[in-house]
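Here's a quick tour of the charges and the overall build of one protein model. Have the coordinates open while you read.

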Amino acid sequence: MSDIDGAVPALVALILAAVAVAIVVFVVRTIRRSAKTRAAADAAVAEAADALLRLDDAVVELDVAFEAADADDAGDAPTELRRARTSAHRARDRGFVEVSDLDDASLIPATRRDLARRTRAGLEGQLARTSDTRARLAEWVRAHRSTDRLAAAVRERRQAVVAAAGDPEPLLDALRHRFDHSDWAEAEASAAAASAALSEADDALSAAADDEALLRATREIRRAARHLRAVEDAHRIAFQAAENAEAELAAARAELDDAVQIATTRGGQCAPDALDRLRAAREDLERAAVEAGGRPREAIVAVARARELRDEMIGDAVSPRLRIEAARAALPGTLACARAALAQADTRDEVRPIADRLRLERARRELAASRAATDAGRALADARAAWHAVPPPQN
């Protein structure tokens with residue numbers, strides 16, 4: 001009995017200790033997932049995103065400063081400055097990935113908060129190093145460059161941009177002659193923006209050539225180059241779409257007809273509203289076909305949307321072989337839509353919020369993944385993700 005009498009208090013103590021541990025674990029887990037912790041995590045993520053926004057702007061300005069200093073490819077530019085610039089680019093790119101990862105819904109709020117704080121600290125540190133690189137570059141410019149030489153280099157870059165792009169008017173005339181306004185409106189706007197940017201650069205260069213004037217001229221020349229490329233892209237995209245629209249529409253019609261048949265005979269394996277939505281998509285295709293001659297880009301978009309809807313509606317109602325064949329058929333048009341959407345977004349002069357910049361970076365990563373994928377289904381999924389990630393224009 002004495003052994004039992006001695007064991008009872010020990011057992012009770014063990015049970016109480018286990019209960020205490022369980023209570024502590026419960027309290028800690030509750031705190032780590034509480035509304036207060038979630039709010040702190042959201043605030044920390046917002047601060048990390050703001051740090052990324054400032055770093056992104058600083059890296060762009062560092063690029064402008066290097067170009068204005070005629071140091072992009074200069075053999076006399078210090079190696080440590082070039083390395084610091086490369087490090088800034090890498091940190092910025094890594095920051096986009098890290099901040100995007102903070103939206104992972106599976107993260108415990110406390111973990112998300114701590115990750116966000118570490119991410120922000122890293123971005124703030126890189127921002128300080130980027131500012132230091134910019135200051136050291138300015139010191140090097142004062143010691144090794146003359147204002148007249150830099151102004152001449154900027155003028156040469158302006159002429160090189162214009163010579164490389166050529167006159168955009170013949171491309172615009174070709175678009176106007178063949179297609180509706182909607183298929184060349186952005187190209188026309190880009191041509192006007194390029195002309196305005198070149199005028200701004202000329203104004204900056206005609207004024208007193210100081211550091212700020214050279215930076216301003218460099219920014220405008222970069223903007224002009226971007227818009228001139230946009231005119232070329234719009235011309236290429238429109239004529240490629242016109243070349244492929246008829247065949248793509250015909251193939252999509254047949255695919256939707258087959259999908260309607262599948263939804264009619266095997267409705268239980270399809271989405272509940274598959275039949276109605278597939279028939280509506282078929283009607284949308286016909287409307288796109290009527291206007292395809294003047295609006296081929298919209299026709300390609302309509303085809304890509306119809307094929308995506310078909311895949312969502314019939315799902316596993318078809319064999320894996322047929323799904324692969326469908327993915328192979330849909331991939332080129334979807335890639336074209338993703339590339340066109342990304343190209344249009346890259347030409348916009350609006351100051352993008354960090355949410356839009358994150359979406360654009362995601363679109364670029366998804367597009368790269370699609371190009372690298374060897375499986376048609378995976379490549380198509382990545383291409384669609386890239387297409388949908390591109391943010392729409394701001395109002």
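What follows goes from the fold as a whole to the salt bridges.

First, a caveat: this is a predicted model.

**The overall build**

The protein chain is helical, with 13 helices and zero strands. Reading from the N terminus, then, you go from one α element to the next. How does the radius of gyration of the protein chain compare with that of a compact globule of 395 residues? The chain comes in at 29 Å, whereas the globule would sit near 21 Å. The box around the C-alpha atoms tells you about the extents along the principal axes: roughly 105 × 70 × 35 Å.

As for packing, 42% of the 395 residues count as buried. If you take the contacts between residues at least 6 apart in sequence, 79% of them join residues at least 24 apart. The accessible surface of the chain adds up to about 21000 Å², and carbon and sulfur atoms account for 55% of that.

**Charges and salt bridges**

The chain carries 60 positive and 68 negative charges, and the mean positions of the two sets lie 4 Å apart. Side chains of opposite charge can pair when their charged atoms come close. How many salt bridges does a search of the whole structure find? The count is 42. Here are three of them, with their N to O distances.

| Salt bridge | N to O distance |
|---|---|
| Arg 219 and Glu 61 | 2.9 Å |
| Arg 295 and Glu 291 | 3.2 Å |
| Asp 316 and Arg 323 | 3.8 Å |

Start with the salt bridge between Arg 219 and Glu 61. This pair ties together distant parts of the chain, as Arg 219 belongs to helix α8 (residues 211–265) and Glu 61 to helix α2 (residues 35–68), 158 residues apart. Is Arg 219 buried or partly exposed? Its relative accessibility is 28%, so Arg 219 counts as partly exposed. Glu 61 is partly exposed too, at 24%.

Next, Arg 295 has a relative accessible area of 25%, which means it is partly exposed. Its partner Glu 291 is also partly exposed, at 41% relative accessibility.

In the third pair, Asp 316 counts as exposed because its relative accessibility is 63%, and the cut-off for exposed is over 50%. Arg 323 has 34%, so this residue is partly exposed.

Finally, there's a larger arrangement to look at. Which residues are linked in a network of salt bridges? They are Glu 248, Glu 255, Arg 307, Arg 310, Asp 311 and Arg 384.

Notes
Residues numbered from 1 in each chain as written. Predicted model: local features only at pLDDT ≥ 70, side-chain atom pairs only at ≥ 80, totals over all residues. Heavy atoms only, no water. Salt bridge = Lys/Arg side-chain N within 4 Å of Asp/Glu carboxyl O. Helix = DSSP H or I, 4+ residues; strand = E, 2+ residues; numbered from the N terminus. Buried < 20%, exposed > 50% of the residue type's maximum accessible area, 1.4 Å probe, protein only. Rg over C-alpha atoms; globule rule 2.2 N^0.38 Å. Contact = heavy atoms within 4.5 Å. Areas by Shrake-Rupley, 256 points an atom, 1.4 Å probe, with all protein chains shown as cover. Lys, Arg positive; Asp, Glu negative; His and termini not counted. Charge placed at Lys NZ, Arg CZ, Asp CG, Glu CD.
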